[in-house]
Structures are given as structure tokens and as C-alpha cells.
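Here are a few exercises to work through with the model open beside you. Try each task before you read its solution.

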Amino acid sequence: MKFTIEKIDHVQVAAPKGQEKEAVNFYAGVLGMKEVEKPDSLKGRGGAWFEFGAYQLHVGVEEPFSPAKKAHPAFKVKGFEELQQHLVAEGIEVENDGSIPGVQRFFISDPFGNRLEFLDGQ
């Protein structure tokens, strides 16, 4: 092949129309991602963008909305146990999963019901 896919630039999850405040509260407030301004040409579509490390997560408006219950982004985390404790303290249900030998991971749902995976990044 004469091309190489090098990395993921961003991932996108969906949310219902008008839920930008909830997205900011969760992705920036709870998960600590940095909210970034969308380009002017895309602001009218709604949603919100966030940055973490060299990557972005976009929350896009989808109507009719249906949460991703199986498909999901997965994030490697430094401070894996601390994040898990933080989420529980925030009242978020954490589903531990030991189905892959040697891999510590858990799943949560964002406020819209989208599945998110977190893996121990140590």
C-alpha cells in the first residue's frame, strides 16, 4: 500500500440536541478533559469538543438520538484506581471487567448512555 494510517485524531460520541451543558459538565467537569472551541463554521450544529493529551473527543448532536451501547472509545488512564474512585464518588456506576487476562479495565456510561472504556495506563 502507498499509505499508512498513523493515529486517531479524534473520536466522536453522540448526544441529544440541547445537551451541551451536560456534555461540558461530564467530559470537562468529571473527566477533566479541556473544552475547546469549535470552528465557527460548525458551531451551528451544536455539540461540544474536548481535548486530552494529543487527542480530541467530539460530542455531536444526533437526531433522533440513540446511545452507543456497544461501540465505544477506550482511554488509557494514569491514576486508574483514582479515576475509578472519583467516578464512584460522583455517583457514576462503574462496571469492572476482567475478561482480558492481565488487563485492568472498566466501563461507564456518559450522561447520554454512551459506553466508555477506561484501561490502566501504567
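Two strands pair if DSSP finds at least two bridges between them. Helices (H or I, at least four residues) and strands (E, at least two) are DSSP runs, numbered from the N terminus. This is a predicted model, so to speak of local features we need pLDDT of at least 70, side-chain atom pairs count only at pLDDT 80 or more, and totals for chains, interfaces and linings use all residues. Residues are numbered from 1 along each chain as its sequence is written, and side-chain values use heavy atoms, with hydrogens and water left out.

**Exercise 1. Work out how β4 pairs with β3 and with β1.**

Step 1: start with β3. Five bridges join β3 to β4, and the two run antiparallel. For one pair to click on, take Trp49, whose bridge partner in β4 is His58.

Step 2: look at the turn. β3 and β4 make a hairpin with two residues between them, and Gly53 in that turn has a positive phi of about 55°.

Step 3: go to β1. Its pairing with β4 is parallel, over six bridges; Val13 has Val59 as its bridge partner in β4.

Step 4: check the cover. Five of the seven residues of β4 are buried (under 20% relative accessible area; exposed is over 50%, partly exposed in between, with a 1.4 Å probe and protein chains only).

**Exercise 2. Find the strand order of the open four-stranded sheet, and say why β5 and β6 each have one side without a neighbour.**

Step 1: read off the order, which is β5-β8-β7-β6, with mixed pairing.

Step 2: β5 (74–77) and β6 (95–97) are the edge strands with a single partner each, so one side of each lacks a neighbour in the sheet.

Step 3: add the twist. Neighbouring strands here are turned by 30° against each other on average, direction ignored. Axes are lines fitted to C-alpha atoms, for helices over the stretch in contact, and angles run from 0 to 180 degrees between N-to-C directions.

Step 4: zoom in on β5. Four bridges join β5 to β8 (residues 115–120), and these strands run parallel; Lys76 has Leu119 as its bridge partner in β8.

Step 5: put the helix on. α3 (residues 80–89) packs on the sheet and touches β5, β6, β7 (105–109) and β8 (contact: heavy atoms within 4.5 Å). The direction of α3 makes about 30° with that of β7.

**Exercise 3. Which way do the side chains of β5 point, and what does β5 give to the largest pocket?**

Step 1: the side chains alternate. Phe75 and Val77 point to one face and are buried, while Ala74 and Lys76 point to the other and are not.

Step 2: pin down the term. On a 1 Å grid over the protein atoms alone, a pocket is an open set of points where a 1.4 Å probe fits, with protein on both sides within 12 Å along at least five of seven lines; lining residues have an atom within 4 Å of a point.

Step 3: β5 gives the most to the lining, with three residues. The lining residues include Phe75, Lys76 and Val77, along with Leu31 and Phe118.

**Exercise 4. Locate Pro64 and describe the peptide bond before it.**

Step 1: Pro64 sits in the loop between β4 and β5.

Step 2: the peptide bond from Glu63 to Pro64 is cis, with omega near 0°.
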